[in-house]
Amino acid sequence: MTRRAVLAGTGSALPRTRVSNAELAERVDTSDEWIVERTGIRFRHIAEPDETTATLGADAAREALKAAGLSPADIGLIIVATATPDNTFPATATKVQALLGAPDCIAFDVAAVCSGFLYAVSVADSMLRTGAAEHALVIGSETFSRILDWEDRTTCVLFGDGAGAVVLSAKDVADDQGILATRLHAEGQYCDMLYVDGGPSTTGTVGHVRMQGREVFRHAVTNLANVLGEVLADVGLKAEDIDWVVPHQANKRIIDATAKKLGLPADHVVLTVDQHANTSAASVPLALDLAVRDGRIKRGDLVVLEAMGGGFTWGAAVLRV
Ligand code: ACO
């Protein structure tokens, strides 16, 4: 028997307000045609003032708990991956804990921007296997609309708000169920290519997203294809063994180019970027939840998660659900 972190449930939450490209074009100098052609994005959800990273995260967590058949009292670890916390401190994870009414447990945030969920899954996997908790809530939640420069058409059309969550449970398994391998990377020399131009220790302001889009694109395709190759090699599997890839949803062209590089058929890739845009750390668990709930991802499937974001940071995980 091997002790592994097993996927016990998924959940997600989206803000009430959905904004189409055409609606966006009324306030920004852009067009539906440009956005669809360059990114594949058609809609994004934008949080209202009463919807925050913590409330969206808690809503997604409730769904994941329900799917897992667990209650907040069963949870020993809550990790929220986010670049848009409700407050500089306390950690949004503790606010989610309070909203869920979960008793004393371990709760903290992980900041790795769009790869945050992969970082959080990897940390939770280690902590579950070494006995720090029996059940973990791993949440990606973002309100990127609050850090967008709505005058900058090169960035504001790309992002949306939302949250996704998974329950991971420690289980002694005889087969290859659960998280089989994770890989994480960071290359800080590229931190100026995708960043927020503010923060508590520099400007004392929240700041706005700034990005060198073409450079990000180039690095994303290379890094994601490499890290997918690494996790598959770790478990002795090949691209053709994968049932589903759940990629970070930044741009359909990045997703297509990465899949092509690995020789993955497009109909094995979960795509939500058209409906949600880039929700940063929320995008992978949001897409995962969608594909689990619509029946595409089934028990026994081999699923690969991958993401790349500011830092640069990137990572991948392979699991048998
Ligand atoms: N609407 C209309 N025109 C626009 C818009 C817009 N929203 N934004 C830029 N343009 C114009 C530019 O001004 C430029 O015009 P010009 O030729 O007259 O100067 C033209 O479109 C082309 O601009 P580029 O930046 O060269 O366009 P590109 O084809 O590189 O596409 C994009 C830009 C979509 C941002 C692309 O570089 C990209 O997807 N990069 C990856 C970035 C990304 O996904 N980041 C998300 C976070 S990182 C991550 O999650 C992996």
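Student: How do the residues of the shell around the ligand divide into nonpolar, polar and charged?
Tutor: The model is predicted: local features need pLDDT of at least 70, side-chain atom pairs count only at pLDDT 80 or more, and totals for chains, interfaces and linings use all residues. Residues are numbered from 1 along each chain as its sequence is written, and side-chain values use heavy atoms, with hydrogens and water left out. Ala, Val, Leu, Ile, Met, Phe, Trp, Tyr, Cys and Pro count as nonpolar, Asp, Glu, Lys and Arg as charged, and the others, Gly among them, as polar. On that basis the shell holds 12 nonpolar, 7 polar and 4 charged residues.

Student: How many residues surround the ligand?
Tutor: A residue belongs here if one of its heavy atoms lies within 4 Å of the ligand. Thr30, Arg38, Arg153, His248 and Asn251 are the closest, and the full number is 23.

Student: Which helix gives the largest share of the shell?
Tutor: Helices are DSSP runs of H or I with at least four residues, strands runs of E with at least two, numbered from the N terminus. At least two shell residues each come from α2 (32–39), α6 (153–156) and α7 (213–234). The largest share, 4 residues, belongs to α7.

Student: Between which domains does the ligand lie?
Tutor: The domain bounds come from an automatic or database domain assignment. Residues of both domains enter the shell, so the ligand lies between domain 1 (2–173) and domain 2 (178–320).

Student: Which side chain has an N or O atom 2.4 Å from an oxygen atom of the ligand?
Tutor: Polar contacts with the ligand are pairs of N or O atoms within 3.5 Å. For Gly213, a backbone N or O atom is 2.9 Å from a ligand nitrogen, while a polar side-chain atom of Asn278 is 3.2 Å from a ligand oxygen. The 2.4 Å pair involves the side chain of Asn251.

Student: Is Asn251 buried or exposed?
Tutor: Asn251 sits in the loop between β11 (244–247) and α8 (252–262). Buried means under 20% relative accessible area, exposed over 50%, and partly exposed in between (1.4 Å probe, protein chains only). With a value of 10%, Asn251 is buried.

Student: Which residues does the UniProt "active site" annotation cover, and what is the limit on their C-alpha separations?
Tutor: The annotation, from an unreviewed entry, covers Cys114, His248 and Asn278. They span 165 residues in sequence but gather at one spot, because no two of their C-alpha atoms are more than 8.6 Å apart. UniProt positions follow the numbering used here, feature names are shortened, and annotations may be inferred rather than shown by experiment. In brief, the residues are Cys114, His248 and Asn278, and the limit is 8.6 Å.

Definitions and conventions. Polar contact = N/O pair within 3.5 Å; in protein donor to acceptor, adjacent residues only side chain to side chain.
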